[in-house]
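User: Hey, got a minute to walk through a model with me? I'd like to start with the aromatics and then hop around a bit.

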Amino acid sequence: MKATIRRARIADVDAIRDFVRQATRGRLDPSGDEVFDRLAERGMLLAFSPERELVGLVSWRVENLVARILDFLVYPLDLRPTVGRQLIEAVEEEARRLECEACMIYVSPEVSSAALAFYMGLGYTRWPEESLSEPWREAAHEFDALGRVALIKQIRAERVTRPI
């Protein structure tokens, strides 16, 4: 399915809240204020079906030329190979536009094999610690306390060694 991808707006807060509740079967139940705060602190893209139903979202933040994908949700799950790919690729395009060197996705150690295969199919992998530059290393360890592991995709061939 070809989804329509666009930036989230304040007017989308209720739809995002309802989508998260539905997609997680109530396991996550954000308030409107929590969704608003997320919109204020990071970029967020939404994916809509041809019928204009919300079917996916992704949020990210950029710091030190590293884009961090923080929220990623596609529902129904069978849309992940198409809609999920479109969302991740849209973030990567934004990151390239911002001259980022890499994108990172944080996953739990219990991530499903299907989800891991999806991320790896998009080029995300674990990198050896010693191969990471300082900004990459800091970003990779940002969510250690939560037990998350960073999967990394280099999106810029040459690394920046001095300010742009």
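**Aromatics, helices and odd backbone spots**

Analyst: Sure. Phe72, Phe118 and Tyr119 form one aromatic cluster. Keep in mind that this is a predicted model.

User: Okay, and how many aromatic pairs are there?

Analyst: The count comes to 4 aromatic pairs. One of them is phenylalanine 72 with phenylalanine 118, a stacked pair with 5.9 Å centre to centre and 10° between the planes. The two rings come from distant parts of the chain: phenylalanine 72 sits in strand β4 and phenylalanine 118 in helix α4, 46 residues apart.

User: Is phenylalanine 118 buried or exposed?

Analyst: Buried, because its relative accessibility is 12% and the cut-off for buried is under 20%.

User: What about the tryptophans, how are 127 and 136 arranged?

Analyst: Tryptophan 127 and tryptophan 136 make an edge-to-face pair, 5.1 Å centre to centre with 65° between the planes. Tryptophan 136 is buried at 0% relative accessibility, whereas tryptophan 127 has 23% and counts as partly exposed.

User: Switching to helices. How do α3 and α4 cross?

Analyst: The axes of α3 (residues 80-97) and α4 (residues 113-121) come within 11 Å and cross at roughly 45°. That angle makes α3 oblique to α4. As for handedness, the crossing of α3 past α4 is right-handed.

User: Which residues meet there?

Analyst: On the α3 side you have Arg80, Pro81, Gly84, Arg85 and Ile88, and they meet Ala114, Ala115, Phe118 and Gly121 of α4. By type, the residues of this contact split into 5 nonpolar, 2 polar and 2 charged. Phe118 turns up again here, after its part in the aromatic cluster.

User: Good. Anything odd in the backbone?

Analyst: A few things. For background, most residues other than glycine have a negative phi, and most peptide bonds are trans. Here the peptide bond from tyrosine 75 to proline 76 is cis, with omega near 0°.

User: Where does proline 76 lie?

Analyst: In the loop between β4 (66-74) and α3.

User: And which residues have a positive phi without being glycine?

Analyst: Asparagine 64 is one of them, with a phi of about 50°. Glutamate 99 is another, and its phi is about 70°.

User: Where are those two in the fold?

Analyst: Both are in loops: asparagine 64 lies between β3 (54-63) and β4, while glutamate 99 is found between α3 and β5 (102-107).

User: How accessible are they?

Analyst: Asparagine 64 has 45% relative accessibility, so it counts as partly exposed. Glutamate 99 has 36%, so it counts as partly exposed too.

User: Last topic, tyrosine 106. What does it touch, leaving aside its neighbours within four places in sequence?

Analyst: With those neighbours set aside, tyrosine 106 is in contact with Arg68, Ile69, Leu70, Ala139, Ala140, Glu142, Phe143, Arg148, Val149 and Ala150. Tyrosine 106 itself lies in strand β5 and is buried, with a relative accessible area of 12%.

User: How far is tyrosine 106 from isoleucine 69, in sequence and in space?

Analyst: They're 37 residues apart in sequence and 7.1 Å apart in space, going C-alpha to C-alpha.

User: Great, that covers my list. Thanks!

Notes
Residues are numbered from 1 along each chain as its sequence is written. This is a predicted model: local features need pLDDT of at least 70, side-chain atom pairs count only at pLDDT 80 or more; totals for chains, interfaces and linings use all residues. Side-chain values use heavy atoms; hydrogens and water are left out. Axes are lines fitted to C-alpha atoms, for helices over the stretch in contact, and angles run from 0 to 180 degrees between N-to-C directions. Helices (H or I, at least four residues) and strands (E, at least two) are DSSP runs, numbered from the N terminus. Angles under 35 degrees count as roughly parallel, over 145 as roughly antiparallel, 65 to 115 as roughly perpendicular and the rest as oblique. A crossing is left-handed if the near helix is turned anticlockwise from the far one by less than a right angle, and right-handed if clockwise. Contact means heavy atoms within 4.5 Å. Ala, Val, Leu, Ile, Met, Phe, Trp, Tyr, Cys and Pro count as nonpolar, Asp, Glu, Lys and Arg as charged, and the others, Gly among them, as polar. Buried means under 20% relative accessible area, exposed over 50%, partly exposed in between (1.4 Å probe, protein chains only). Rings of Phe, Tyr and Trp (its six-membered ring) pair if their centres lie within 6.5 Å; planes under 30 degrees apart count as stacked, over 60 as edge-to-face and the rest as tilted.
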